[in-house]
Amino acid sequence: MKMNQTINKSTKFRVLSDDQIEQIFYAALEVLERTGGMIYHEEALELFRDSHAVVKGNHVRVPPYMIEEALNFYPRKITLRGRNNVRSLHIQKDTVTFGTGSDLPFTHDRKTGERRRTTYQDVTNAAKLVDALSHYDFFMSHGIVGDAPNPQTYDRHQFMAMLEGCTKPMVLTSVDGEGLEDLWKMGCLVQGGEEEFRLNPLFVAYIEPISPLKNDKTAVEKLLFAAKKKLPAMYTPCPSSGATAPATIAGMLVQSLAETLMAVVLCHLKSPGTPLIMGGVTTLLDMKYSTYSYGAPELSLASAANTDISKWLNLLMFSTGGCTDSKILDEQAAAEQMMNLFYSYLSGANLIHDVGYMDHGTNASLESLVMNEEMMGMVKAFGKGINTDDDHLALELIEKIGPAGEYVTSGHTFDHWKEWFMPKLQDRSDYETWKQNGSKTMLDRVKERTQHLLDTYEPEPLDEKLKKELKEIASAADARHS
Amino acid sequence: MDLSNISETLIAGKADELRKMVEEGVKENINPADILNQGLLPGMDAVGKKWKAGDMFMPEVLRSAKAMSISMDFLRPLLKDDDVGNAGTMIIGTVAGDLHDIGKDLAAMMFEGAGYNVINIGIDQSNENFVDAVKEHKCNLLGMSALLTTTMPRMGEVINSLKEAGIRDQVTVIIGGAPVTEEFAREIGADLYAPNAGSAVDITREYLQNKN
Ligand code: B12
């Protein structure tokens with residue numbers, strides 16, 4: 001019997017110590033008590049006025065005990081079920097899932113190589129790929145349905161495009177509270193009613209504050225709707241260090257935590273137990289080109305630190321990875337996407353989104369989605385860590401094969417090599433073979449695989465009757481807004 | 001007073017010192033237009049050049065722009081409307097339904113740095129608010145920002161409203177924001193499009209020079 005053993009079932013990675021997290025947490029409490037935040041929503045202000053918060057006009061300041069109390073009520077597990085009836089997305093501490101980002105205005109056109117506006121068809125294609133590729137656990141729209149009949153109701157049409165191609169759970173952006181309500185109604189139809197949806201939510205609602213410390217009307221109405229229906233939601237600050245947040249990572253983390261905690265209190269006042277997820281695209285404003293960077297190493301560092309904080313708070317975490325500032329799928333894209341995928345994965349964030357994002361969150365690329373599939377596989381292979389049980393220590397085997405033997409033909413190898421990562425796109429061939437196969441680059445292979453998947457993969461079709469009912473909700477919204 | 005000292009202080013982004021120097025210059029009876037054209041504007045030109053060369057970065061550039069703006073607040077009332085270099089008034093805002101503000105704010109600061117009297121009317125501004133602001137402040141430059149595909153069309157609507165109000169010719173219209181393109185600007189009849197705040201001032205200046 002061995003005593004006091006610690007076995008690492010996975011690799012371990014942490015940026016902040018507990019003491020550092022406490023510093024950041026206390027600082028965020030101080031921000032909410034002293035600096036406060038702005039809230040532009042009447043019902044929310046009413047809720048705060050009826051509490052111990054101090055409200056002057058739109059300015060709300062919150063004493064720490066309200067925050068500590070509210071923090072006790074957040075769920076530590078949320079399970080989503082896709083339209084394929086599989087409860088596949090277990091959002092719980094240290095369980096990592098990957099997904100795309102949403103709403104990219106432009107698309108890299110695979111035929112012309114040019115940038116053009118994203119369409120409904122592009123979103124359906126992205127949906128298909130995400131459905132086909134096994135490392136994607138959830139789907140955000142990747143692009144925006146730029147050809148929707150009315151910008152004011154695009155979210156309903158986007159959801160349709162997503163559902164047509166993808167059976168996996170989703171994260172949805174919406175225009176406003178009314179839009180979110182329609183999406184929720186559509187979700188209930190898919191899951192078989194409001195009660196089924198409550199037990200098996202199909203999607204998480206994506207909501208954001210405006211850094212620094214501002215909460216606009218549409219964001220708050222979505223938040224309150226989510227609280228009312230117990231719809232899983234995330235309130236994810238998007239601060240840019242140096243522009244809408246301090247230029248220090250610690251300062252940015254303090255501010256964005258304060259923004260999160262404001263929502264934590266608000267949802268608690270509305271309805272305790274709201275399945276609220278913490279979030280954050282914590283990055284910097286590039287000071288040469290004034291762009292919001294999706295490829296900076298600081299994004300990886302700040303995001304991993306934010307995940308450390310989320311675990312300490314017992315909140316679930318929506319993080320960022322697999323994204324780049326590069327305009328095309330090139331060496332820069334690979335380097336940046338790999339870096340932020342890797343560290344978000346190691347940090348153990350629960351939902352890692354924006355996988356495939358190009359050009360600092362403005363350009364969509366189906367090929368980027370496909371290349372990331374390979375990289376997610378590599379990252380996961382690393383995260384598995386090293387098994388050190390007797391079979392894996394292989395002492396008996398080493399003795400059996402002995403000095404100067406070979407392992408290729410042993411049963412142990414036959415059993416275990418399949419634990420390795422199997423590349424689909426990485427080329428490990430010898431030079432001559434590579435040449436015979438056409439001297440292809442990574443990008444050539446990515447392009448071929450993308451085309452192949454689009455040509456051959458058929459997602460489980462959406463039931464025709466259901467489709468009609470869903471479309472009715474979208475059409476009714478169009479009529480209301482025409 | 002050696003006006004090149006004003007340029008140097010501006011490049012260094014020392015706002016208080018710069019303002020004092022400008023005030024002193026006026027006290028010494030230096031023509032305000034000269035302070036602008038031989039002190040401040042050459043300073044900002046140098047800042048722009050250094051930035052493009054990668055010798056200066058956003059926080060430094062915007063400190064200089066802020067210093068410029070503070071000095072201009074003092075100098076502007078002393079300038080004559082037709083003084084060379086007197087840039088005029090700009091209205092800038094983000095269109096209705098759109099809450100993205102930082103890009104528009106950066107553009108605003110750059111125009112302040114170029115000597116404009118910039119009135120930043122904020123985010124989520126209705127079409128009427130834009131038109132009213134143009135009328136009220138008799139501005140000669142209008143900047144609009146939209147970061148959402150869904151709110152971009154508002155910019156075209158504002159331009160149409162300006163036409164209806166008969167004041168379209170009063171202003172040069174420049175637009176920007178991540179989903180906005182040159183082509184879109186042409187479609188809706190904006191005069192100018194700038195892909196970033198840095199180029200916006202140059203693009204505007206060049207356009208106005210060619211126009212006159
Ligand atoms: C930060 C951010 C936010 C923050 C904004 C906070 C703030 N204080 O501004 C928050 C969280 C509030 C936010 C909200 C939303 N956002 Co947003 N956001 C961004 C993000 C990541 C960065 C924007 C930014 O700050 N860039 C840095 C600044 C400096 O750059 P810039 O704004 O582009 O401005 C530069 C130039 O464009 C130009 N410029 C800009 N305006 C003007 C004007 C003039 C006159 C001139 C000359 C130049 C000029 O100069 C600037 C400096 O160079 C972008 C992605 C992106 N890369 O653009 C998405 C993005 C714009 N958002 C997007 C979306 C979808 C949303 C939401 C709808 C999400 C949702 N469903 O809740 C909401 C909408 C809220 C609303 N009604 O407006 C989409 C838009 C997609 C589309 N197809 O329309 C984007 C592209 C990201 C994405 N792919 O999803 N967002």
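Start by selecting helix H5 (102-113) of chain B. H5(B) gives five residues to the shell around the ligand, the most of any element. (Helices are DSSP runs of H or I with at least four residues, strands are runs of E with at least two, and both are numbered from the N terminus.) Keep in mind that this is a predicted model, where local features need pLDDT of at least 70, side-chain atom pairs count only at pLDDT 80 or more, and totals for chains, interfaces and linings use all residues. To find your way, residues are numbered from 1 along each chain as its sequence is written, chains are lettered from A and ligands numbered from 1 in the order in which they are written, and side-chain values use heavy atoms, with hydrogens and water left out.

**Stop 1: the cobalt atom**

Now click on His100(B), which sits in the loop between strand E1 (89-95) and helix H5 of chain B. Which atom of His100(B) is the donor to the cobalt? It's NE2, at 2.3 Å, and His100(B) is the only protein donor of that cobalt atom. Donors here are N, O and S atoms within 2.8 Å of the metal (3.2 Å for Na, K and Ca), and since water is not among the atoms, sites may look incomplete.

**Stop 2: around the ligand**

Next, show everything near the ligand, meaning residues with a heavy atom within 4 Å of it. You should get 48 residues, and the ones that come nearest are Glu208(A), His360(A), Leu99(B), His100(B) and Thr149(B). Both chains A and B surround the ligand, so the site is shared between chains.

Try colouring the shell by residue type: 24 are nonpolar, 18 polar and six charged. (Nonpolar covers Ala, Val, Leu, Ile, Met, Phe, Trp, Tyr, Cys and Pro; charged covers Asp, Glu, Lys and Arg; the others, Gly among them, are polar.)

Then look for polar contacts, which are pairs of N or O atoms within 3.5 Å; within protein, one must be able to donate a hydrogen and the other to accept it, and residues adjacent in sequence count only if both atoms are side-chain atoms.

- Asp101(B): a side-chain N or O atom is 2.8 Å from a nitrogen atom of the ligand.
- Gly97(B): a backbone N or O atom is 3.0 Å from a ligand nitrogen atom.
- Tyr357(A): a polar side-chain atom is 3.2 Å from a ligand oxygen atom.

**Stop 3: where the chains touch**

Zoom out to where chain A meets chain B. Using heavy atoms within 4.5 Å as contact, each side is easy to select: 18 residues from chain B and 18 residues from chain A. Together they bury about 1500 Å², 68% of it on carbon and sulfur atoms. (Buried area is the accessible area, with a 1.4 Å probe, that two parts lose on being put together, summed over both.) Highlight Leu99(B), Thr149(B) and Thr150(B): they supply 29% of the area that chain B buries against chain A, more than any other three residues.

How many salt bridges are there between chain B and chain A? Zero, where a salt bridge is a side-chain nitrogen of Lys or Arg within 4 Å of a carboxyl oxygen of Asp or Glu.

**Stop 4: inside chain A**

For a salt bridge you can see, select Arg480(A) and Glu178(A), whose side chains meet at 3.0 Å, N to O. This pair links distant parts of the chain, helix H18 (residues 464-481) and helix H6 (residues 177-191), with the two residues 302 apart.
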